[in-house]
Amino acid sequence: CQAHAAGARVVMAAPQPEKHFSDNATVRALWVNSTVKAVVAAHMDGVVFDWESPCDPGAASQRQYALLIAETRAALRKVSPSYQVSTCVAWSPDGIDGRHYDIPAFAAASDLLYVMDYDTRSQIFDACVAAANAPYFGMEHGLQRYLDLGVSPQQLVLGVPWYGYRYECVAGTSATATTCPIPQVPFRGINCSDAAGSEVGLSDILSRLPKSTTGRKWDDYQAAPYFNTVEGGTTVQYWYDDVQSLTPKYARARELGLRGVGPFSFHDTTDPKMFAAFD
């Protein structure tokens with residue numbers, strides 16, 4: 001995750017913390033000290049942790065990761081109380097992609113949890129078709145599950161995509177088809193995934209809309225827009241987020257009392273309406 005709050009804070013991505021998961025305090029201290037020195041030298045505002053590997057429930061790596069986060073935070077606070085430590089977590093705490101993390105421990109060790117509510121189709125358990133990157137109902141469910149675990153809403157930042165996915169439909173799909181079947185591309189043991197598509201920034205996606213074969217369409221159930229094009233003789237379907245799909249997400253984050261919202265990257269569009277939607 002890149003941006004972890006709706007603002008101008010600049011943080012450093014924690015450099016491969018998993019290589020220093022250990023019960024040996026000296027091993028952890030070496031990593032923590034080097035990270036703190038790097039943050040101070042670069043005049044950063046803090047550190048963001050983003051480990052996304054599979055992890056069994058109760059695995060030692062969870063405890064070791066939480067220790068590394070907590071010790072980094074404590075070391076930074078000795079330098080200045082203004083430093084901030086954030087940890088990226090999946091769109092839901094329920095073992096997404098095999099990540100059975102100890103969320104309460106991560107929350108206790110961090111200032112903020114950045115909920116990565118994007119790429120939520122990394123494992124597709126229903127029809128293997130193109131669909132929304134981050135449907136509204138998934139966001140609602142994921143945030144509620146974090147609250148159910150006792151995480152304070154003031155610790156949660158809702159991460160959203162300012163990008164979408166380009167999916168090539170299987171041969172024979174009509175240029176105006178609503179449903180776009182996609183090839184099966186496995187991910188972590190599941191036969192179908194969004195790896196069948198590719199990430200595309202919002203500006204690039206919208207530049208293709210004028211030549212679409214369907215015009216902009218809206219899916220009420222997923223609360224997301226999409227359209228089709230024909231590229232090289234192949235029907236292609238684009239799903240993405242824009243002001244219409246994101247504004248209700250921002251409103252819900254505010255209703256729940258979340259600390260804030262922020263896109264994965266601010267660089268996927270320069271449209272001022274996307275920034276104004278935060279208001």
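**Exercise 1.** In this predicted model, determine which residue just after α1 takes a positive phi, and what caps the N-terminal end of the helix.

*Solution.* Begin where the helix has ended: just after α1, His-43 takes a positive phi of about 60 degrees. Then turn to the N-terminal end of α1, where Asn-24 acts as the cap, with a side-chain oxygen lying 2.8 Å from the backbone nitrogen of Thr-26. Finally, check the length between the ends: helix α1 holds 17 residues (25-41), which at 1.5 Å a residue should span 24 Å, and its end C-alpha atoms are 24 Å apart, in agreement with that expectation.

**Exercise 2.** Work out how the buried residues of α1 are arranged about its axis, and what covers them.

*Solution.* First list the residues under 20% relative accessible area, which in α1 are Arg-28, Trp-31, Val-32, Thr-35, Val-36 and Val-39. Viewed down the axis of α1, these buried residues fall within an arc of 130 degrees, so they line one face of the helix. The general reason is that an α-helix has 3.6 residues a turn, so residues three or four places apart point the same way. On the other side of α1, Thr-26, Leu-30, Lys-37 and Ala-41 are exposed. The cover over the buried residues of α1 includes β1 (12-13), β2 (46-49) and α2 (60-79).

**Exercise 3.** Establish the strand order of the five-stranded open sheet, and identify its edges.

*Solution.* The strands follow the order β7-β6-β10-β9-β8, with antiparallel pairing. The edge strands, each pairing on one side only, are β7 (197-201) and β8 (217-219). Within the sheet, β6 (residues 163-168) and β10 (residues 234-239) pair over four bridges, and Tyr-167 stands opposite Gln-237 in β10.

Notes
Residues are numbered from 1 along each chain as its sequence is written. This is a predicted model: local features need pLDDT of at least 70, side-chain atom pairs count only at pLDDT 80 or more; totals for chains, interfaces and linings use all residues. Side-chain values use heavy atoms; hydrogens and water are left out. Helices (H or I, at least four residues) and strands (E, at least two) are DSSP runs, numbered from the N terminus. The expected span of a helix is 1.5 Å times one less than its number of residues. Buried means under 20% relative accessible area, exposed over 50%, partly exposed in between (1.4 Å probe, protein chains only). The arc is that of the directions from the helix axis to the C-beta atoms. Contact means heavy atoms within 4.5 Å. A polar contact is a pair of N or O atoms within 3.5 Å; within protein, one must be able to donate a hydrogen and the other to accept it, and residues adjacent in sequence count only if both atoms are side-chain atoms. Two strands pair if DSSP finds at least two bridges between them.
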